[in-house]
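Student: Could you take me through one part of this structure slowly, starting with the place where the ligand sits and going on from there to a few local details of the chain?

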Amino acid sequence: MSNPSLLILPGDGIGPEVMTEVRKIIDWYGAKRDLAFDVSEDLVGGAAYDTHGTPLTDETMAKALEADAVLLGAVGGPQYDELDFSVKPERGLLRLRKEMDLFSNLRPAQCFDALADFSSLKRDVVSGLDIMIVRELTSGVYFGEPRGISVNADGEREGVNTQRYTESEIVRVARSAFELAKRRGNKVCSMEKANVMESGILWRETVQKVHDEEYADVELSHMYADAGGMQLCRWPKQFDVIVTDNLFGDLLSDVAAMLTGSLGMLPSASLGAPAENGRPKALYEPVHGSAPDIAGQGKANPIACILSFAMALRYSFDQGVEADRLEAAVEKVLADGLRTADLMGPEGGTPVSTSEMGDAVIAALDASL
Ligand code: IPM
Ligand code: MG
C-alpha cells in the first residue's frame with residue numbers, strides 16, 4: 001500500500017518557518033514510527049500571487065482535492081493590502097475551504113497548565129480548560145449572495161453581504177458537533193442570534209431537530225452569540241463543544257484562543273464529509289495568522305502548526321495514540337520552561353527560537369519511545 005499523501009502549503013509570513021519545524025516532525029514519524037507520508041509542497045496566498053498572479057492556481061487546487069490531507073501555514077501580509085479583493089491572499093484559503101467543501105472547522109481551545117498564567121483571565125478560570133468550537137466554514141455571510149459594493153438609487157455607495165443558510169448546511173455541521181461531543185464531555189451549546197436574524201431562528205430550530213431525532217442523549221443548550229462571547233470570558237469551563245456559524249465562529253474562536261494565553265498555541269482542523277475510503281477531505285492549519293511583523297526572524301512559535309499536524313494524525317489518519325504522543329511532547333517542552341517570544345512572561349523561562357522549539361519537541365518525542 002502506498003503512503004498517505006500530505007500537501008503542504010506554507011504560505012506567507014511566518015508560515016514557511018513554522019512549517020519547517022512540522023516537516024521535521026513528519027520526518028520523525030517516518031523514521032521512528034514507521035508512519036511515512038508522501039509529502040509535496042506548493043504555494044498559496046501571497047506567495048502564490050507573487051509567482052502566478054493568483055493566490056491559488058487551479059493546479060494547486062486539484063492537488064489539494066487529491067491529497068489525503070492538506071497542511072497550511074498562514075496567508076496574508078501588508079504588501080497585499082492594496083490588491084484587488086479577488087486576488088487577495090485570503091481568497092486562496094477561502095477557495096480551498098469552499099471547493100474541498102470543508103464545512104466543519106474544529107478549533108480546540110485548550111489551556112496548557114504551564115501557560116495558565118498567560119491568560120488575561122485568572123488561573124482558576126482557565127486552568128484545565130478544554131473546549132472545542134465547531135465553526136461552520138463554507139456558507140453564511142462569508143459566501144452568501146448577493147454581495148458587493150454598488151451605488152444605490154440615491155447615488156450613495158452601499159456595501160452588501162448576505163447571511164444565508166440552508167437546512168442541510170446546518171444539519172451536517174450540527175451532526176459533526178454532536179459526534180465530537182459524544183467522544184468528549186457530551187455537551188453541545190449552539191450559538192446564533194435568533195433574537196434578530198431569521199437565519200438564526202432556522203439555525204436554532206434545525207440544531208434542536210437534529211438533537212431530538214439523532215442525539216437526544218447529548219446535552220444541548222442554545223445561547224445568543226453575544227451572550228456566548230460574554231460567557232466565554234466569564235466562565236469558559238461551562239462549555240464542552242460550541243457549534244456556531246461561519247462569522248460568529250470566526251469571532252468566538254479568537255476570543256476562546258485568547259483565553260488560553262497565546263494565539264501561537266492553537267491548531268485547527270477543517271473537515272468535509274467522509275470519502276469512500278472513510279477519510280474526510282481535510283485541511284489543517286494554525287489559528288494564528290502570518291504575523292508579518294516577526295516573519296523571518298526565528299521568533300515564531302511553531303506549536304500551533306505542530307499541533308495542527310497532531311490533529312491530522314487524529315482525524316485523517318486514525319493515529320490517536322501518535323497524536324497523543326505529539327501533544328504530550330509539546331506539553332513536556334512547555335513544562336520544561338521552553339518559551340518562544342510570544343510565551344515569554346514575567347516569570348521567565350528559557351527563551352528559544354522557532355527551530356529550537358521544534359528540536360525540543362523532537363527530543364521529547366525521542367524520549368517518549
Ligand atoms: C480564520 C481567519 C480567516 C477567516 C481569514 C484569514 C480569511 O480569520 O481562519 O479565522 O476569516 O476565516
Ligand atoms: Mg479568524
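Tutor: In this predicted model, a polar side-chain atom of Y142 lies 2.5 Å from an oxygen atom of ligand 1. Two arginines also make such approaches: R135 places a polar side-chain atom 2.8 Å from an oxygen atom of ligand 1, and for R107 the distance between an N or O atom of the side chain and a ligand oxygen is 2.8 Å. Taken alone, ligand 1 would expose 320 Å², and the protein buries 74% of that. If you now look at the whole surroundings, you will find that the residues around ligand 1 are E90, R97, R107, R135, Y142 and D250. By residue class, this shell divides into 1 nonpolar residue, no polar ones and 5 charged ones, where tyrosine is counted as nonpolar. The space that ligand 1 takes up is the second largest pocket.

Let us turn from the ligand to the aromatic rings, of which the count comes to 7 pairs. One of them is formed by Y49 and Y80, an edge-to-face pair with 6.5 Å from centre to centre and 80 degrees between the planes. Because Y49 lies in helix α2 (residues 46–52) while Y80 lies in the loop between β3 (69–74) and α4 (89–99), this pair ties together parts that are 31 residues apart in sequence.

Two details of the backbone can be read against a general background: most residues other than glycine have a negative phi, and most peptide bonds are trans. The peptide bond from E145 to P146, however, is cis, with omega near 0 degrees, and P146 belongs to the loop between β5 (130–136) and β6 (148–151). N186, although it is not a glycine, has a positive phi of about 65 degrees, and N186 is found in the loop between α6 (167–182) and β8 (187–192).

Definitions and conventions. Residues are numbered from 1 along each chain as its sequence is written. Chains are lettered from A and ligands numbered from 1 in the order in which they are written. This is a predicted model: local features need pLDDT of at least 70, side-chain atom pairs count only at pLDDT 80 or more; totals for chains, interfaces and linings use all residues. Side-chain values use heavy atoms; hydrogens and water are left out. A residue is near a molecule or strand if one of its heavy atoms lies within 4 Å of it. A polar contact is a pair of N or O atoms within 3.5 Å; within protein, one must be able to donate a hydrogen and the other to accept it, and residues adjacent in sequence count only if both atoms are side-chain atoms. Accessible areas come from the Shrake-Rupley method with a 1.4 Å probe; for residues, only the protein chains shown count as cover. On a 1 Å grid over the protein atoms alone, a cavity is a set of points where a 1.4 Å probe fits but cannot get out, and a pocket is an open set with protein on both sides within 12 Å along at least five of seven lines; lining residues have an atom within 4 Å of a point. A molecule sits in a cavity or pocket if more than half of its atoms lie within 2 Å of its grid points. Rings of Phe, Tyr and Trp (its six-membered ring) pair if their centres lie within 6.5 Å; planes under 30 degrees apart count as stacked, over 60 as edge-to-face and the rest as tilted. Helices (H or I, at least four residues) and strands (E, at least two) are DSSP runs, numbered from the N terminus.
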